[in-house]
Amino acid sequence: MKKFIITSLIILFFYSAYFDLKVGTLPTSAKNEIEVQVANSIPADEVAYKEIQVQPGETVLTILERIHNGSIPVSIEKAVSEFERLNPDTSAHSIHANKTYRFPFFN
């Protein structure tokens, strides 16, 4: 009986680790549709952006990587400066969950 309980606990541990890595345990059903605010012709000094509501646990970098489907095509410093330019009075290091911000979209 002791071996059965230990074996069951080990299996439960590995299953929970697999589930956490594969699916995750944070709720993701609250993801909003990404709305693109892109004009047909964008002036050279302006950057296209997407308005996104930040979910708990997200950072500027993770959202930028999500909207660019991987790594961002510019340096992190440029991405942060464009974010702060699009969102005056907001620091890229102190964004708040459930608030909507403009995130730069680089082609």
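**Entry 1: a pair within helix 3**

I began with Arg85 and Glu82, which are 3 residues apart in helix 3 (residues 76-86) and so are separated by about one helical turn. I took helices (H or I, at least four residues) and strands (E, at least two) as DSSP runs, numbered from the N terminus. An α-helix has 3.6 residues a turn, so residues three or four places apart point the same way. The two side chains form a salt bridge, with the closest N and O atoms 2.9 Å apart; by salt bridge I mean a side-chain nitrogen of Lys or Arg within 4 Å of a carboxyl oxygen of Asp or Glu. Arg85 is partly exposed at 41% relative accessibility, whereas Glu82 is buried at 11%. For these classes I used under 20% relative accessible area for buried, over 50% for exposed and partly exposed in between, with a 1.4 Å probe and protein chains only.

I note for all entries that this is a predicted model, in which local features need pLDDT of at least 70 and side-chain atom pairs count only at pLDDT 80 or more, while totals for chains, interfaces and linings use all residues. Residues are numbered from 1 along each chain as its sequence is written, and side-chain values use heavy atoms, with hydrogens and water left out.

**Entry 2: the chain as a whole**

I looked up the secondary structure next and found 3 helices and 3 strands in the protein chain, which follow the pattern α-β-β-α-α-β when read along the sequence. Of the 107 residues, 24% are buried. Among the contacts with a separation of 6 or more, 59% are between residues 24 or more positions apart, a contact being heavy atoms within 4.5 Å. The accessible surface comes to about 8100 Å², and 58% of this surface belongs to carbon and sulfur atoms; accessible areas come from the Shrake-Rupley method with a 1.4 Å probe, and for residues only the protein chains shown count as cover.

**Entry 3: the other salt bridges**

I count 3 salt bridges in the model. One of them joins the side chains of Arg102 and Glu51, at 3.4 Å from N to O. Arg102 lies in strand 3 (residues 100-105) and Glu51 in strand 2 (residues 48-53), so this pair ties together parts that are 51 residues apart in sequence. Both ends came out as partly exposed, Arg102 with a relative accessible area of 32% and Glu51 at 29%. Glu58 and Arg66 also meet through their side chains in a salt bridge, at 2.5 Å from N to O, and Arg66 is partly exposed at 27% relative accessibility.

**Entry 4: what lies against helix 3**

Which residues of helix 3 are buried? I find Ala79, Glu82, Phe83 and Leu86, and they cover an arc of only 100° around the axis, which puts them on the same side of helix 3. The arc is that of the directions from the helix axis to the C-beta atoms. The cover over these buried residues includes strand 2, helix 2 (60-67) and strand 3. For Glu82 itself, leaving aside residues up to four places away in sequence, I list Val47, Pro104 and Phe106 as residues that it touches.

**Entry 5: aromatic rings**

I count 3 aromatic pairs, where rings of Phe, Tyr and Trp (its six-membered ring) pair if their centres lie within 6.5 Å, and planes under 30 degrees apart count as stacked, over 60 as edge-to-face and the rest as tilted. The rings of Phe13 and Phe14 have their centres 5.5 Å apart and their planes at 70°, so I enter this pair as edge-to-face; both residues are exposed. The rings of Phe83 and Phe103 have their centres 5.1 Å apart and their planes at 40°, so this pair is tilted. The latter pair links distant parts of the chain, with Phe83 in helix 3 and Phe103 in strand 3, 20 residues apart. Both Phe83 and Phe103 are buried, and ring pairs link them with Tyr101 into a cluster.

**Entry 6: a nonpolar patch**

Lastly I looked at the surface, where Met1, Phe4, Ile5, Leu9 and Leu12 make a nonpolar patch of about 600 Å². Patches are made of residues with over 30% relative accessible area and no salt bridge, like charges being joined within 9 Å and nonpolar side chains (Val, Leu, Ile, Met, Phe, Trp, Tyr) within 5 Å. Leu12 has its place in helix 1 (residues 2-22) and is exposed, with a relative accessible area of 52%.
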